[in-house]
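The following report describes one protein model, moving from its charged pairs to its overall form. The sequence and the coordinates are displayed first.

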Amino acid sequence: PNVFVPLTRELVDEKIRLASRESPAGDTLKLAVLAALNIADEFFRERDEELRLTSTIASRAGEYHWPL
């Protein structure tokens, strides 16, 4: 069984609940779109941070003088 499906469902449910707190009058479709946008935003922020850290590590590793 795919373990990501239940985890994804839980994440989406959580984001929809958070969106409904911020916009209690919002209909289901609007809340789902807001949740999707929030999930995408978090994904891209985390990806950018990972790329930044990977670049920093690679740069520092290149500066290190490895003993032979």
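A salt bridge is counted here when a side-chain nitrogen of Lys or Arg lies within 4 Å of a carboxyl oxygen of Asp or Glu. The model is a predicted one. By this criterion, four salt bridges are found.

## Salt bridges

Among the four salt bridges are those listed below.

| Basic residue | Acidic residue | N to O distance |
|---|---|---|
| Lys15 | Glu42 | 2.3 Å |
| Arg47 | Asp48 | 3.6 Å |
| Arg52 | Glu49 | 2.7 Å |

The salt bridge between Lys15 and Glu42, with N and O 2.3 Å apart, links distant parts of the chain. Lys15 belongs to helix α1 (residues 4-22) and Glu42 to helix α2 (residues 28-63), with the two positions 27 residues apart in the numbering. Arg52 and Glu49, by contrast, both sit in helix α2 and are three residues apart, about one turn of the helix.

The accessibility of these residues can be set out pair by pair. Lys15 has a relative accessible area of 10% and is therefore buried, since the limit for that class is under 20%. Its partner Glu42, at 37%, is partly exposed. In the second pair, Arg47 has a relative accessible area of 37% and is partly exposed, and Asp48 falls in the partly exposed class with 43%. In the third pair, Arg52 is partly exposed at 45%, and Glu49 is likewise partly exposed, with a value of 34%.

## The surroundings of Lys15

Which residues does Lys15 touch, leaving aside those up to four places away in sequence? The contacts of Lys15 are Ala35, Ile39 and Glu42. Glu42 is also the salt-bridge partner of Lys15. Lys15 is thus a buried residue, with 10% relative accessible area, placed in helix α1.

Leu18 is another residue of helix α1. Its relative accessibility of 32% makes Leu18 partly exposed, because that class covers the values between the limits of 20% and 50%. The C-alpha atoms of Leu18 and Val33 are 12 Å apart in space, while the two residues are 15 apart in sequence.

## Aromatic pair and nonpolar patch

The structure contains one aromatic pair. The ring centres of Phe43 and Phe44 are 5.1 Å apart and the ring planes stand at 75 degrees, so the arrangement is edge-to-face. The angle decides this class because planes over 60 degrees apart count as edge-to-face. Two quantities describe such a pair of aromatic rings: the distance of the centres and the angle of the planes. Of the residues in this pair, Phe44 is partly exposed, with a relative accessibility of 41%.

On the surface, Val3, Phe4 and Leu7 make a nonpolar patch of about 330 Å². Val3 is located in the segment before α1. With 53% relative accessibility, Val3 is classed as exposed, since the threshold for that class is over 50%.

## A position in helix α2

Is Glu50 buried or exposed? Its relative accessible area is 52%, so Glu50 is exposed. Glu50 lies in helix α2. From Glu50 to Ala61 the C-alpha distance is 16 Å, at a sequence separation of 11 residues.

## Overall form

The secondary structure consists of two helices and zero strands. The radius of gyration is 19 Å, well over the 11 Å that the globule rule gives for 68 residues, so the protein is more spread out than a compact globule. Along the principal axes, the C-alpha atoms fill a box of roughly 65 × 30 × 15 Å.

How much of the protein is made up of buried residues? Of the 68 residues, 6% are buried, and Lys15 is one of the buried residues. The protein exposes about 6100 Å², and carbon and sulfur atoms supply 63% of this area.

Technical notes:
Residues are numbered from 1 along each chain as its sequence is written. This is a predicted model: local features need pLDDT of at least 70, side-chain atom pairs count only at pLDDT 80 or more; totals for chains, interfaces and linings use all residues. Side-chain values use heavy atoms; hydrogens and water are left out. Helices (H or I, at least four residues) and strands (E, at least two) are DSSP runs, numbered from the N terminus. Buried means under 20% relative accessible area, exposed over 50%, partly exposed in between (1.4 Å probe, protein chains only). Patches are made of residues with over 30% relative accessible area and no salt bridge: like charges are joined within 9 Å, nonpolar side chains (Val, Leu, Ile, Met, Phe, Trp, Tyr) within 5 Å. Accessible areas come from the Shrake-Rupley method with a 1.4 Å probe; for residues, only the protein chains shown count as cover. Contact means heavy atoms within 4.5 Å. Rings of Phe, Tyr and Trp (its six-membered ring) pair if their centres lie within 6.5 Å; planes under 30 degrees apart count as stacked, over 60 as edge-to-face and the rest as tilted. The radius of gyration is taken over C-alpha atoms; the globule rule is 2.2 Å times the number of residues to the power 0.38.
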